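Good morning, and thank you for coming. Please look at the structure on the screen while I take you through one part of it and then the whole chain.

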Amino acid sequence: MSTEDAKYPESPMNRFHAVIPAGGVGTRLWPLSRAAAPKFLHDLTGSGSTLLRATYDRLEPLAGERVLVVTGEAHRAAVCRQLPEVGDDELVLESEPKDSGAAIGLAAAILYRRDPDTIMGSFAADQVISPDDLFQETVREAIYTAAMGKIVTIGIKPTHPSTGFGYIRSGAALHVEGAPNALAVAEFVEKPSQEVANKYVEAGDYVWNAGMFVAPVALMLKHLEANQPELFAGLQEIAEAWDTPQRAEVTARVWPTLPKIAIDYAVAEPAAAAGDVAVVPGTFRWDDVGDFAAIGRLNNAGDVDEVTVLGEGARVFAENASGVVVSDTKRVIALIGIKDVVIVDTPDALLVTTKEHAQLVKGTVDALKASGDTDVL
């Protein structure tokens, strides 16, 4: 947090608490990303920092030590190694994945019990964002807008007509002091066809839905209670016990019974229909690293022809070739006369595909799961 904010105790920035949901396996990045080592624990950009570490470092100037991490019980040790600053009070562990409605809802419920005036911001651990200062300016605007009683989404101005992202249609300017770019949200729309995506970009009033939310915890919980009363009741029961000796018993009993639903459906979309949602468009570079083609986009091609190479000690030879190679072994990989290839080499699994078909990797994971080959998942 800046020294300027510290001078003004009434600043909305002093109410801000960041939340990092660190979940999801990232099945389109198999065999690099797996249940035991999901994508947020990897350095996918060649920066020397994992996605989780980079997310924390991006938020620290805004939130200071007020950063809550929600992750799976199985990832506790790895998360604590990467984020030694996060104490037990700021670590929320899920015994099993329950989607973003439960993860973000529980964070909101815990923070509300600690301080009902908290403004929370939820930022997934597996996104690549740059530059940090543009991101921080946008979040600051979102915090000031949330302080006016809004659930605020951060939208990304489209760089191309993507069919892989949901969109937000923006409305009129809100004229919020400290947030000159804040707009009302007219509607959320699902991932479009190519033809519709072209129209969205041409229209100019659509932004990508990056899944980032900034909101007063009281308002988040109000909409959660109205739209998902069963989920709300369960999360409240867990939150009431969270900072007590009963945490483990209550969580073990209630968490498995909670319904699975995304936060967009549980809160954001119904709140938008009620006029309670705003959007602050961001001009920073953003990618959710959804497949290996994204890794090729995010990394400059290595010294090996037109091939992006990731992996410490990777041994790659290329001639008249292009694509992405991710190596977790010392095996020599030679590419000759092949374009836009994707090769991921790990000790127990090898993936060979193309950038064009990178989104289909998820189907392979589903097939392996169905056939019982779970030892490589």
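Strand β16 and strand β17, residues 349-354, run antiparallel and are joined by 6 bridges. A hairpin of 2 residues connects β16 to β17. To find one of these pairings in the display, please locate Val 341, whose bridge partner in β17 is Thr 354. I should say at once that this is a predicted model.

Strand β16 also pairs with strand β14, which covers residues 322-327; these two strands run parallel, with 5 bridges between them. Here, Val 325 has Ile 343 of β16 as its bridge partner. Strand β16 is thus named in two pairings, antiparallel with β17 and parallel with β14.

How many of the residues of β16 are buried? The strand spans residues 341-346, and 6 of its 6 residues are buried, which makes it mostly covered. In a regular strand, side chains alternate between the two faces of the sheet. In β16, Val 341, Ile 343 and Asp 345 point one way, while Val 342, Val 344 and Thr 346 point the other way. The residues of both sets are buried. Please note that Asp 345 and Thr 346 are among these buried residues, together with the valines and Ile 343.

Let us step just ahead of this strand. Asp 340 sits in the loop between β15, residues 332-336, and β16. Its phi is positive, about 55 degrees, although Asp 340 is not a glycine. Is Asp 340 buried or partly exposed? Its relative accessibility is 40%, so it counts as partly exposed, whereas Val 341 in β16 is buried.

A second residue of this kind is Asp 99, which is not a glycine either and has a positive phi of about 75 degrees. Asp 99 belongs to helix α4, residues 99-114. With a relative accessible area of 41%, Asp 99 is partly exposed.

I turn now to the peptide bonds. Which residues does the cis bond with omega near 5 degrees join? That bond runs from Trp 30 to Pro 31. Pro 31 lies in the loop between β1, residues 16-22, and α2, residues 51-63. Another cis peptide bond links Ser 130 to Pro 131, with omega of about -10 degrees. Pro 131 is placed in the loop between β5, residues 128-130, and α5, residues 132-146.

Finally, let us consider the whole chain. It contains 12 helices and 17 strands. Why can its radius of gyration be said to agree with that of a compact globule? A compact globule of 377 residues would have a radius of gyration near 21 Å, and the chain has 21 Å, so the two agree. Along the principal axes, the C-alpha atoms fill a box of roughly 60 × 50 × 40 Å.

Of the 377 residues, 52% count as buried. Among contacts with a separation of 6 or more, 65% are between residues 24 or more positions apart. The accessible surface comes to about 16,800 Å², and carbon and sulfur atoms account for 51% of it. As for charge, there are 32 positive and 53 negative side chains, and the centres of these two sets are 2 Å apart.

To close, I would ask you to return to β16 in the display and to follow its bridges to β14 and to β17. Thank you for your attention.

Conventions
Residues numbered from 1 in each chain as written. Predicted model: local features only at pLDDT ≥ 70, side-chain atom pairs only at ≥ 80, totals over all residues. Heavy atoms only, no water. Helix = DSSP H or I, 4+ residues; strand = E, 2+ residues; numbered from the N terminus. Rg over C-alpha atoms; globule rule 2.2 N^0.38 Å. Buried < 20%, exposed > 50% of the residue type's maximum accessible area, 1.4 Å probe, protein only. Contact = heavy atoms within 4.5 Å. Areas by Shrake-Rupley, 256 points an atom, 1.4 Å probe, with all protein chains shown as cover. Lys, Arg positive; Asp, Glu negative; His and termini not counted. Charge placed at Lys NZ, Arg CZ, Asp CG, Glu CD. Pairing = 2+ DSSP bridges.
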